[in-house]
Amino acid sequence: MIGQSSPFSEALKHAVLILGALIVILPFYVMVSYSLKSPREIETNTGGFFGAQEQMVDEYCVKLGNAREDCLATPVIHNYTQAFKKAPLLRYLLNGVIVTASIFLIQVLVALPCAYALSKLKFWGREIVFGMVLFCLLIPVHAIALPLYIMLAKAGLTNSYAALVVPWTISVFGIFLMRQFFKTVPDDLIDAARMDGMNEFSIVWKVMLPTAIPALMAFAIFSVVAHWNDYFWPRVVITGNRDLYTPPLGLREFKGDGDGSYWGPMMATATIIVTPLIVAFLMAQKRFIEGITLTGMK
C-alpha cells in the first residue's frame with residue numbers, strides 16, 4: 001500500500017529514537033546516581049545506581065577536628081544535607097524564581113501587543129518590522145553580551161536583580177511565536193469584539209489572551225528553562241554579591257576540590273535545581289505540545 005512503512009523502516013526509526021533518548025537521559029542518570037553515592041563509589045564507579053549506602057567518613061568533618069567516629073554518615077543523607085549546608089541553596093532557588101518569573105511576565109506584557117499588531121493590524125512597514133524580528137532571532141546572546149554589560153555598568157545596575165532581568169524582557173522569539181498563533185485566530189472573532197465596542201488594547205487582553213493559553217504555556221517552558229538554567233549571563237553581571245546568585249551559580253560553591261569529595265553534594269544540588277523544571281514540564285506537557293502544534297513550529 002502506498003505510504004505504508006515497512007517493518008524494517010519502523011524498527012530503524014524506533015532504534016534511532018531510543019538511541020537519542022538514551023543519549024539525552026544518560027547525563028541525568030549519572031547526576032542522580034552520583035548524588036546518592038559516597039566519594040569512594042564515585043571515584044571507583046562502583047555501587048550501581050543507588051550505591052551501597054554504607055556508612056562513610058566525612059573527611060571535611062574530620063578536618064574540622066572532630067573524631068572520625070563522630071563523622072560517620074550515610075552517603076545520600078550526607079550529599080543532600082551538604083547541598084543545603086555548604087551553600088544557601090534556598091536563597092539561590094528563590095533568586096531563580098524571582099528572576100525567571102519577572103522575565104516571563106514582562107516578556108508576555110511586551111510580546112502579546114506586538115504579536116497582535118504584527119498579525120491582525122494593517123499598517124505601513126508591518127512586514128519590515130516582522131523581518132527585523134526574524135533577523136533578531138539570528139543574533140546569538142553572546143554577541144551582544146559586552147555592549148549590554150557596558151550599558152548596565154554605566155547605569156550602575158550590575159550586581160542587581162535589574163541586571164539579571166532587564167536585558168531579556170523583550171523576547172523576539174516570544175513575539176514570533178505569539179504572532180504565528182494569532183494568525184490562526186479567525187478575524188471574525190476580532191470584528192465581533194470591535195462591534196461590541198472594545199478597543200484594540202481590550203481585544204488583546206480580554207479576547208486574544210484567553211485563546212493564547214496553549215501558546216503561552218509553550219513559550220513559558222522555553223523562557224523559564226532558558227533563564228533558570230542560564231549560567232553565562234548571571235556569571236557576567238553578578239560578580240561580588242553572593243545573595244544574588246541564581247541556582248546554576250550556586251554550583252560554583254562546590255568547585256575547586258581536586259580530591260572529588262564534593263561531587264556527591266554538587267550532583268545533589270544539580271538534582272534539586274532541575275527537579276522543579278522536570279515536574280513543571282510533566283504537568284504542562286499536554287499544553288506544551290498543543291501550543292507547539294497550534295503555532296506551526298513542528
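**Reading aromatic pairs in a predicted model**

Modeller: Let's start with one residue: Tyr92 counts as buried, at 0% relative accessibility (buried means under 20% relative accessible area, exposed over 50%, partly exposed in between, with a 1.4 Å probe and protein chains only). This is a predicted model, where local features need pLDDT of at least 70, side-chain atom pairs count only at pLDDT 80 or more, and totals for chains, interfaces and linings use all residues. Residues are numbered from 1 along each chain as its sequence is written, and side-chain values use heavy atoms, leaving out hydrogens and water.

Biologist: What describes a pair of aromatic rings?

Modeller: The distance of the centres and the angle of the planes. Rings of Phe, Tyr and Trp (its six-membered ring) pair if their centres lie within 6.5 Å; planes under 30 degrees apart count as stacked, over 60 as edge-to-face and the rest as tilted. The structure holds 10 aromatic pairs. For Tyr92 and Tyr245, the centres are 5.7 Å apart and the planes at 40°, so this pair is tilted.

Biologist: And how buried or exposed is Tyr245?

Modeller: Tyr245 is buried, at 9% relative accessibility.

Biologist: Which aromatic pair is edge-to-face, with 85° between the planes?

Modeller: That is Trp168 and Trp233, 5.4 Å centre to centre. Trp168 is buried at 11% relative accessible area, and Trp233 is buried at 1% relative accessibility.

Biologist: Which residues do ring pairs link into a cluster?

Modeller: Phe104, Phe173, Phe219 and Phe222.
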